[in-house]
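These are my notebook entries from a first reading of this structure. I kept them in the order in which I looked things up.

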Amino acid sequence: MKIPNKLVDDVITQIAGEHGVSLVNSFKNKKNTSEFLIAEKTGFEINATRNILYKLYHANMVSFTRKKDKQKGWYIYYWTFKPKRVKDILIGLKKKRLEKLQEQLHRENASFFFRCSANCMRLNFDQAVDFNYKCPECGSLMEQENSDAKKAQIEQEIEELIKSLSMLGVKGKEPINVKTASKMVKKH
Ligand SMILES: [Zn+2]
């Protein structure tokens, strides 16, 4: 599956922040573009430019070579975008989100929740009992929350994530790693 451009931009934004896309666009289709040229094209300060490049490098979305400037004696870095990495990163981000949602759903299912009638805070069952069903903030009575809608929303997002992961070639219904699964069991 070819990743649509819009999705590529989403991934870049998640990795490198809001200026990531315009930065990448300035050298996307060329190899070994100097960091100074990138800064010039984007209008970002050289430090801001490097900062974004390092974030992308940390995610392995760009590579660099460096050459010594013979006159000044320092190194200049030349950057290349690695479009093939986008898919793996996208899968990683989706898996991470999926794990988070599965843990959240697990928490929702593991307890009842109570909400202050003045809406100060939300407590789980044990906490609500500790506070005698009274809001520790304002003293109002805590009411049991109906979390069905919330759970349904989480479940729907989980389903969509699993579907889009399988479109990206990730097999299996629950591409969740064993480590996280055992962590979840231990926690509750
Ligand atoms: Zn309250």
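I began with Asn32, which I found in the loop between H2 and E1. The model is a predicted one, so I treat the backbone angles noted here as computed values. Phi of Asn32 is near 50 degrees, which is a positive value in a residue other than glycine. I noted this since most residues other than glycine have a negative phi. With a relative accessible area of 40%, Asn32 is partly exposed.

Next I looked up a second residue with a positive phi, Tyr133, which has a value of about 60 degrees although it is not a glycine. Tyr133 sits in the loop between helix H6 (125–130) and strand E6 (142–144). Its relative accessibility is 30%, and Tyr133 therefore counts as partly exposed, the range that runs between the buried limit of 20% and the exposed limit of 50%.

I stayed with the loop between H6 and E6, because Leu141 lies there. Is Leu141 buried or exposed? Leu141 has a relative accessible area of 52% and is exposed, given that exposed means over 50%. Leaving aside residues up to four places away in sequence, I found that Leu141 touches Arg115, Cys116, Ser117 and Tyr133. I also checked Leu141 against Ala128, 13 residues apart along the chain, and their C-alpha atoms are separated by 9.9 Å.

Arg115 came up again when I turned to Asn119, as the side chains of these two residues are joined by a polar contact of 3.1 Å. Asn119 is placed in the loop between strand E4 (113–116) and strand E5 (122–124). The C-alpha atoms of Asn119 and Glu137 are 10.0 Å apart, with their positions 18 residues apart along the chain.

I then went to helix H3 (residues 35–42) and asked which of its residues are buried. They are Glu35, Ile38, Ala39 and Thr42. Seen down the axis of H3, these buried residues fall within an arc of 100 degrees, so they line one face of the helix. They pack against helix H2 (20–25), strand E1 (33–34), H4 and strand E3 (75–81).

I looked at both ends of H3 as well. At its start, a side-chain oxygen of Ser34 comes to within 3.0 Å of the backbone nitrogen of Phe36. After H3 comes Gly43, whose phi is positive and near 80 degrees.

The packing of H3 on H4 was my next entry. Their axes are 9 Å apart and the angle between the helices is about 110 degrees, which makes H3 roughly perpendicular to H4. On the H3 side the contact is made by Glu35, Phe36, Ile38, Ala39 and Thr42, and on the H4 side by Ile46, Thr49, Arg50 and Leu53. By class, I recorded five nonpolar, two polar and two charged residues in the contact of H3 with H4.

I followed H4 (residues 46–58) to another partner, helix H1 (residues 5–16), and there too I noted an angle of about 110 degrees, with the axes 9 Å apart. H1 and H4 are therefore roughly perpendicular to each other. H1 contributes Ile12, Ile15 and Ala16 to the contact, while H4 contributes Ile52, Lys55 and Leu56. The contact of H1 with H4 holds five nonpolar, no polar and one charged residues.

My last entry concerns Glu103, which I located in helix H5 (residues 85–110). Is Glu103 buried or exposed? Its relative accessible area is 16%, so Glu103 is buried, the limit for that class being under 20%. I also compared the positions of Glu103 and Val24, which are 79 residues apart along the chain, and their C-alpha atoms are separated by 34 Å.

How values were computed
Residues numbered from 1 in each chain as written. Predicted model: local features only at pLDDT ≥ 70, side-chain atom pairs only at ≥ 80, totals over all residues. Heavy atoms only, no water. Axes fitted to C-alpha atoms, helices over the stretch in contact; angles between N-to-C directions. Helix = DSSP H or I, 4+ residues; strand = E, 2+ residues; numbered from the N terminus. Parallel < 35°, antiparallel > 145°, perpendicular 65-115°, else oblique. Contact = heavy atoms within 4.5 Å. Nonpolar A, V, L, I, M, F, W, Y, C, P; charged D, E, K, R; others polar. Buried < 20%, exposed > 50% of the residue type's maximum accessible area, 1.4 Å probe, protein only. Arc of directions from axis to C-beta. Polar contact = N/O pair within 3.5 Å; in protein donor to acceptor, adjacent residues only side chain to side chain.
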